[in-house]
Amino acid sequence: MSARTHPRLVGAFVLGAVALVLGAVLALSSADWFERRARFSMYFPGASVRGLNPGAPVTFRGIKVGEVVEVKALATGQPSPPVQIEVVAELVGEVIETPPGVAPAFSSTSAVEFVREFTAKGLRGRLMSQSLLTGQKYVDFDILPEEPPRFSGLRPRYPELPTTPTAMERLGTKAEDFMNKLAELPLDQMLEN
């Protein structure tokens, strides 16, 4: 005589199997489980990072190479600036493709070697507006050897990528310099003469 099956036990087994299959499909469909990723720190001392949130894209000349993971304020312990904003980004390792027969560009370099090599070539990060309407920002990298690299002088948790001021930061600095020079002029003496 055969043993009687319990319908509740069979139902629980079926539901458990369906949940496992759905979990496996979701986990394997994300496709970035096997990508090599590295985290880097960046500092933007002269700009407001309002609108730069975790999940914001990090691009290289418009091609997405990673995303912002964390944005936080750090006390520097220095008189100027007393607080720096640290932006931590996670970059995907195999974004730049190489043609057949050419050795992959960055497959064997560590994160520190990558920063050293590309900083020397002119890699600089800038805050850019993603949307003027919503105020969302992102970080864009480009090769700008004429721009001096800007480092924080702190000991970051991750290798530090250099940044450079945006056009708006430069314009603000020039306007401030102009106003300071204007304030230094002896206007009273000029009007009397």
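This section describes strand pairing, residue burial and side-chain contacts in a predicted model.

Strand S6, which spans residues 137-143, is paired with two other strands. With strand S5, which covers residues 123-129, S6 runs antiparallel, and seven bridges join the two; within this arrangement methionine 128 stands opposite tyrosine 138 of S6. With S2, by contrast, S6 pairs in the parallel sense, over three bridges, and here valine 58 is placed opposite valine 139 of S6. Six of the seven residues of S6 are buried, and the strand is therefore largely enclosed by the rest of the structure.

Strand S2 itself comprises residues 57-60 and contains threonine 59. Threonine 59 counts as buried because its relative accessibility is 7%, which falls under the 20% limit. When neighbours within four places in sequence are left aside, threonine 59 is in contact with Tyr138, Val139, Asp140 and Phe141, and also with Lys64 and Val65. Of these partners, Val139 is the S6 residue that stands opposite valine 58, and Tyr138 is the S6 residue that stands opposite methionine 128.

Valine 68 belongs to strand S3, which extends over residues 63-75, and is likewise assigned as buried, since its relative accessible area is 1% and the limit is 20%. Residues up to four places away in sequence being excluded, the contacts of valine 68 include Leu52, Asn53, Pro54, Gly55 and Ala56, together with Val58, Val87, Val88, Ala89 and Val139. Valine 68 thus touches both Val58 and Val139, the two residues that stand opposite each other where S2 and S6 are concerned. As for proline 54, its C-alpha lies 4.9 Å from that of valine 68, although the two residues are 14 apart in sequence.

Beyond S6, the loop that leads to helix H3 (167-184) contains serine 152. Despite its position in a loop, serine 152 counts as buried, because its relative accessibility of 11% is under 20%. A polar atom of the serine 152 side chain lies 3.0 Å from the backbone nitrogen of leucine 154. Apart from neighbours within four places in sequence, serine 152 is in contact with Tyr43, Gln84 and Glu160.

With regard to aromatic rings, the count of aromatic pairs comes to zero under the criterion applied. A charge placed over a ring is nevertheless found at phenylalanine 118, where lysine 121 lies over the ring face at 5.1 Å from the ring centre.

How values were computed. Residues numbered from 1 in each chain as written. Predicted model: local features only at pLDDT ≥ 70, side-chain atom pairs only at ≥ 80, totals over all residues. Heavy atoms only, no water. Helix = DSSP H or I, 4+ residues; strand = E, 2+ residues; numbered from the N terminus. Buried < 20%, exposed > 50% of the residue type's maximum accessible area, 1.4 Å probe, protein only. Polar contact = N/O pair within 3.5 Å; in protein donor to acceptor, adjacent residues only side chain to side chain. Contact = heavy atoms within 4.5 Å. Pairing = 2+ DSSP bridges. Phe/Tyr/Trp six-rings, centres within 6.5 Å; stacked < 30°, edge-to-face > 60°. Lys NZ or Arg CZ within 6 Å of the ring centre and 35° of its normal.
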